[in-house]
Amino acid sequence: YRPGPVKNIPSFLENRNNPDKIKYIHDDLAEILNDTYGVIVYQEQIMQIAHLIANFSLAKADILRKAMSSKQSDLLHSLREEFIEGSVKNGYQRKIATEIYDLIEEFSNYGFNKAHSYAYGLIAYQMAYLKANHYLEFYLALLNGVIGSTRKTSEYVSASKKVGINIF
């Protein structure tokens, strides 16, 4: 639940259940966003969009990705005009280019790297399984992992009490 993509979860789910209702700002985005139901989810999609729409080189698209991932807002804003001008030169309307870059900026609030998202998903699945099926061991492992942190220990003790585990 990262701040950038999290607001798109309802759209993602709606589009997944109704793929015929997916709307793209421009049809050229369909090939890039088809696998994620018309929603930008991954940093790699930003690079592909910048390359396709604004004719950014892959190196320049990677600079855009780095600006997003390291929250370099000055660089992100400076690339805005370059993206829009590149898009216009590439045959896209300024309004469309602006809308697309607005999405890119919005996405930049903690976007996902595709490879990392798979690993996070696998770990989340495994932890949910352990929490549901081996909750005593789950909370024991969590508490052992935060020895020395009173704030985290307090959080985990409180959470364990909610599921009926008393910690002395």
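**Exercise 1.** Which residues in α6 meet which residues in α7?

*Solution.* The model is a predicted one, and the two elements to locate are helix α6 (residues 73–89) and helix α7 (residues 94–107), which pack at an angle of about 145° with their axes 9 Å apart. On the side of α6, the residues in contact are L76, H77, L79, R80, E81, F83, I84, E85, S87 and V88, and they meet R94, A97, T98, I100, Y101, D102, I104 and E105 in α7. Sorted by character, the residues of this contact divide into nine nonpolar, three polar and six charged. The handedness completes the description, since the crossing of α6 and α7 is right-handed.

**Exercise 2.** Determine how many aromatic pairs the model holds, and classify the pair of F83 and Y101.

*Solution.* Counting ring centres that lie within 6.5 Å of each other, one arrives at four aromatic pairs. For F83 and Y101 the ring centres are 5.1 Å apart and the planes stand at 50°, so this pair is tilted. The next step is to place the two rings: F83 belongs to helix α6 and Y101 to helix α7, so the pair ties together parts that are 18 residues apart in sequence.

**Exercise 3.** Describe how α4 and α5 pack, and state which residues make the contact.

*Solution.* Helix α4 (residues 43–53) and helix α5 (residues 58–69) pack with their axes 9 Å apart and at an angle of about 140°, which makes α4 oblique to α5. Their crossing is right-handed. In the contact itself, Q43, I46, M47, A50 and H51 of α4 meet L58, A61, D62, L64, R65, M68 and S69 of α5, and these residues divide into seven nonpolar, three polar and two charged.

**Exercise 4.** Work out the orientation of α8 with respect to α9, and the make-up of their contact.

*Solution.* Helix α8 (residues 114–133) and helix α9 (residues 135–145) have axes 5 Å apart and pack at an angle of about 120°; the two helices are therefore oblique to each other. From α8, the residues M127, L130, K131, A132 and N133 meet Y135, F138, Y139 and L142 in α9. The contact is made up of seven nonpolar residues, one polar and one charged.

**Exercise 5.** Which elements have the lowest and the highest mean pLDDT?

*Solution.* Taken over the protein, the average pLDDT is 91, and 96% of the residues score at least 70. Among the elements, helix α1 (residues 3–6) has the lowest mean, 68, while helix α3 (residues 30–33) has the highest, 96. Predicted coordinates should not be read in detail where pLDDT is low.

Notes: Residues are numbered from 1 along each chain as its sequence is written. This is a predicted model: local features need pLDDT of at least 70, side-chain atom pairs count only at pLDDT 80 or more; totals for chains, interfaces and linings use all residues. Side-chain values use heavy atoms; hydrogens and water are left out. Axes are lines fitted to C-alpha atoms, for helices over the stretch in contact, and angles run from 0 to 180 degrees between N-to-C directions. Helices (H or I, at least four residues) and strands (E, at least two) are DSSP runs, numbered from the N terminus. Angles under 35 degrees count as roughly parallel, over 145 as roughly antiparallel, 65 to 115 as roughly perpendicular and the rest as oblique. Contact means heavy atoms within 4.5 Å. Ala, Val, Leu, Ile, Met, Phe, Trp, Tyr, Cys and Pro count as nonpolar, Asp, Glu, Lys and Arg as charged, and the others, Gly among them, as polar. pLDDT is the predictor's confidence in each residue, from 0 to 100. A crossing is left-handed if the near helix is turned anticlockwise from the far one by less than a right angle, and right-handed if clockwise. Rings of Phe, Tyr and Trp (its six-membered ring) pair if their centres lie within 6.5 Å; planes under 30 degrees apart count as stacked, over 60 as edge-to-face and the rest as tilted.
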